[in-house]
Amino acid sequence: MTSFPDKASVIASLHVPFHLRELRLFNRSYGTTILPVLFHTCSHSLISLTVSMGPGSPSYTSLLDGFPVVAPNLVHFSLQHRPSPAFNNMLVLLERLTVLECNFAVDLAMTLDSLPATSTLRVLVIELDFNLQQAAAILLSRLDQPILAKLKTLRIPRAPHRDEFREFGGDGLLERCQERGITVEIGEVVAWRTRLFP
């Protein structure tokens with residue numbers, strides 16, 4: 001969806017309506033036309049949305065205008081930039097969400113607290129920056145709340161192996177997840193910077 005120019009002739013050639021199931025929005029200008037067209041024509045078919053644009057993007061207003069149309073149908077949602085307060089307030093519309101991905105730049109606590117009280121979240125994927133203890137505390141304080149009541153998998157793709165994970169403040173989180181029957185998947189995709197800071 002980012003390889004064609006936002007021109008009326010190109011949009012017309014899309015032959016809408018069509019059934020788009022997955023959409024990734026990058027941090028670029030989409031103009032004022034393409035996002036409303038995509039959101040409205042795919043409001044019932046779109047189940048996966050990745051937002052890699054920040055509030056400074058020229059297309060952010062179009063994203064805010066169109067998000068309520070697709071949000072209730074989304075099953076997978078990925079946030080790669082910290083959302084604006086207005087966008088955060090609309091996360092309550094994610095009624096069918098089962099998979100949430102959050103980049104380390106995202107305010108994890110605010111994002112989780114913005115989800116609907118009747119959350120259907122089953123898989124949470126988070127990226128860590130430096131503060132594992134803070135992320136662990138945020139999750140621990142919400143594991144017994146409705147927001148994470150149905151959580152089955154916690155995936156952390158960039159982290160140290162389990163011994164180091166425990167050493168840097170993840171011990172309580174691992175134990176509580178085990179008690180709750182939540183699978184914790186810890187990956188080691190890249191070197192984890194936290195291990196450099198005792």
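Leaving aside its neighbours within four places in sequence, which residues is Phe 77 in contact with? I shall answer that in a moment, after a word on the chain as a whole.

Colleagues, what we have here is a predicted model. The chain has 198 residues, of which 46% count as buried. Its secondary structure amounts to seven helices and seven strands. Followed along the sequence, these elements give the pattern α-β-α-β-α-β-α-β-α-β-α-β-α-β. If we take the contacts between residues at least 6 apart in sequence, 68% of them join residues at least 24 apart.

Let me return to Phe 77. Beyond its sequence neighbours, this residue touches Leu 49, Val 51, Phe 67, Phe 87, Leu 91, Leu 94, Leu 97, Val 99, Leu 100 and Glu 101. Phe 77 also belongs to the largest nonpolar core, a set of 56 residues. Within that core, the residues with the most contacts are Phe 67, Phe 77, Phe 87, Leu 112 and Leu 154. Two of these, Phe 67 and Phe 87, also appear among the contacts of Phe 77 that I have just listed.

I turn next to the strands. Strand S1 spans residues 22-25 and has two faces: Leu 23 and Leu 25 are on the covered one, whereas Glu 22 and Arg 24 are on the uncovered one. S1 pairs with strand S2, residues 48-51, in the parallel sense, and four bridges join them. For Glu 22, the bridge partner in S2 is Ser 48.

Now to the largest pocket. Its volume is about 290 Å³. The lining comprises 18 residues, and those closest to the centre of the pocket are Phe 104, Val 106, Leu 108, Gln 134 and Ala 135. Two helices, H5 (108-114) and H6 (132-140), each contribute at least two residues to the lining. The largest share comes from H6, with three residues. Sorted by class, the lining holds 11 nonpolar, three polar and four charged residues.

Finally, I should like to draw your attention to Arg 158. This residue is located in the loop between strand S6 (153-156) and helix H7 (162-180). Is Arg 158 buried or partly exposed? Its relative accessible area is 35%, and therefore Arg 158 is classed as partly exposed, since buried would require under 20% and exposed over 50%. Arg 158 also illustrates how distant parts of the sequence meet: Glu 127 is 31 residues away along the chain, yet the C-alpha to C-alpha separation is 6.3 Å.

Technical notes:
Residues numbered from 1 in each chain as written. Predicted model: local features only at pLDDT ≥ 70, side-chain atom pairs only at ≥ 80, totals over all residues. Heavy atoms only, no water. 1 Å grid on protein atoms, 1.4 Å probe; cavity = no way out; pocket = protein on both sides within 12 Å on 5 of 7 lines; lining within 4 Å. Points joined across faces, edges and corners; volume = space filled by probe spheres on them. Nonpolar A, V, L, I, M, F, W, Y, C, P; charged D, E, K, R; others polar. Buried < 20%, exposed > 50% of the residue type's maximum accessible area, 1.4 Å probe, protein only. Pairing = 2+ DSSP bridges. Core = buried A, V, L, I, M, F, W, Y, C linked by side-chain atoms within 4.5 Å. Contact = heavy atoms within 4.5 Å.
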